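Visitor: I would like a close look at a single part of this structure. Please keep it brisk, and stay with one site before moving outward.

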Amino acid sequence: MTALLSCRGLTRTFGGLVALDALDVEVAEGWVLGLIGPNGSGKTTFFNVLTGLFPASAGQIRFENAEITDLKPQGVYRIGIARTFQRSRLCLPLSVFDNLMVGNHRNLNHGLWFNLVRRQALRRQVEENVAAARELLTIFHAPLAARLFEPAGGIPMIDRRRVEVCRALISRPKLLLLDEPSAGMTHEETLQLMDDILRVQRKLGLTIILIEHEMSVIERITSHCMVLNYGRKIAEGTYAQVSRNLLVRQAYLGLE
Ligand SMILES: Nc1ncnc2c1ncn2[C@@H]1O[C@H](COP(=O)(O)OP(=O)(O)OP(=O)(O)O)[C@@H](O)[C@H]1O
Ligand SMILES: [Mg+2]
């Protein structure tokens, strides 16, 4: 297996608390990796360390064979890793389009001089961005493309969640990190959202790491799973393999 992402001994402590404990992870291109584990087991911390929000206390992260352990969030984003957050971060009074553009730093870095003097170029750029946003929404969930200029606060919960995923995708990352995208949605909505995510994953050739509590979702859309408990990896494999694992059943599923 040639890994897209590979972590060795990745560790993060908060004072005396070991939130990530010497984690070894290999993720190959095209995987949908389900990251599961009880509350406080280090799942979000893993994303925060991967994306440079918190520096690692020890260990190494490699992405496409380059060491990225010490990159800042902007640098991580630039090499093609994007994420969503456990709590919604949409700006509700702004339009769907404006919310998407918040994720589009790569194409919005020209500064005041460019904006004032190169009016034609600026206009062209805005048009390109509108086209890109529309294209992405159309792939993800076509009816949303018609609501591009409506305030995010006026669209249903499930569409807001779609916008958050699209905001991460607007930079066309290779690796997408989703932190409980289904939180607060009904089972039916969750299944719809997951179908959309799977379709876009196939169409764009994405690799995904998905934190998710609902096991039926994990079973349905992941190719591989990794289970954390107290910051340690206690199992990995397919969903069928990890759900048979006794440690997992005790730690997470509350069985036996
Ligand atoms: N910024 C922080 N400062 C101090 N402790 C933290 C910080 N972030 C996380 N922790 C601690 O690290 C541990 C792992 O937290 P984390 O948020 O990664 O868990 P999680 O698996 O995402 O849980 P959940 O399923 O509830 O989202 C917890 O004990 C948490 O209290
Ligand atoms: Mg979390």
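Which oxygen-containing partner has an atom 2.9 Å from a polar side-chain atom of Thr44? Take me through that residue and its surroundings.

Guide: The partner is ligand 1: one of its oxygen atoms lies 2.9 Å from a polar side-chain atom of Thr44. Keep in mind that this is a predicted model.

Start with the ligand. There are 15 residues around ligand 1, and Gly40, Lys43, Thr44, Thr45 and Gln86 come nearest. Lys43 makes a polar approach too: an N or O atom of its side chain is 2.8 Å from an oxygen atom of ligand 1. His213 also reaches the ligand, with a side-chain N or O atom 3.3 Å from one of its oxygen atoms.

Thr44 has a second role. Its OG1 is a donor to the magnesium ion, ligand 2. The other protein donor is OE1 of Gln86, and the two lie 2.0 to 2.3 Å from the ion. Thr44 belongs to helix α1, residues 43-50, while Gln86 sits in the loop between β6 (81-83) and α3. The pair therefore ties together parts that are 42 residues apart in sequence. Thr44 is partly exposed, with a relative accessible area of 25%. Gln86 is also partly exposed, at 39%.

Now the helix itself. Seven of the eight residues of α1 are buried, so the helix is largely enclosed by the rest of the structure. The buried residues are Lys43, Thr45, Phe46, Phe47, Asn48, Val49 and Leu50. After α1 comes Gly52, with a positive phi near 80°.

Step back to the loop before the helix. Ser41 lies there, between β3 (32-36) and α1. Ser41 is buried, at 2% relative accessibility. Beyond residues up to four places away in sequence, Ser41 touches Ala19, Leu228, Asn229, Tyr230 and Gly231.

Strand β3 holds Leu33. Leu33 is buried as well, at 4% relative accessibility. The C-alpha atoms of Leu33 and Ile209 are 4.7 Å apart, although 176 residues separate them along the chain. Leaving out residues up to four places away in sequence, Leu33 touches Val27, Ile208, Ile209, Leu210, Thr222, His224, Cys225 and Met226.

One of those contacts, Ile208, leads to the interior. Ile208 is a member of the largest nonpolar core, which has 39 residues. Leu100, Leu137, Phe140, Leu148, Leu169 and Leu176 join Ile208 as the members that touch the most others. Elements that each supply at least two residues include α3 (96-102), α6 (157-169), β7 (175-179) and β8 (207-211). The largest share, eight residues, comes from α5. Domain 1 (1-80 + 173-256) and domain 2 (92-170) both give residues to this core, so it lies between them.

Leu100 shows the packing there. Aside from neighbours within four places in sequence, Leu100 is in contact with Ala133, Leu137, Leu148, Val163, Cys166, Arg167 and Ile170. Apart from this core lies another, of 27 residues, among them Leu4, Leu23, Ile211 and Leu228. Leu228 was already met as a contact of Ser41.

Finally, the overall layout. The C-alpha centres of domain 1 and domain 2 lie 27 Å apart. Across the boundary, 22 residues of domain 1 are in contact with 15 residues of domain 2.

Technical notes
Residues numbered from 1 in each chain as written. Chains lettered and ligands numbered in written order. Predicted model: local features only at pLDDT ≥ 70, side-chain atom pairs only at ≥ 80, totals over all residues. Heavy atoms only, no water. Core = buried A, V, L, I, M, F, W, Y, C linked by side-chain atoms within 4.5 Å. Buried < 20%, exposed > 50% of the residue type's maximum accessible area, 1.4 Å probe, protein only. Helix = DSSP H or I, 4+ residues; strand = E, 2+ residues; numbered from the N terminus. Domains from an automatic or database assignment. Contact = heavy atoms within 4.5 Å. Donors = N, O, S within 2.8 Å, 3.2 Å for Na, K, Ca; no water. Near = heavy atom within 4 Å. Polar contact = N/O pair within 3.5 Å; in protein donor to acceptor, adjacent residues only side chain to side chain.
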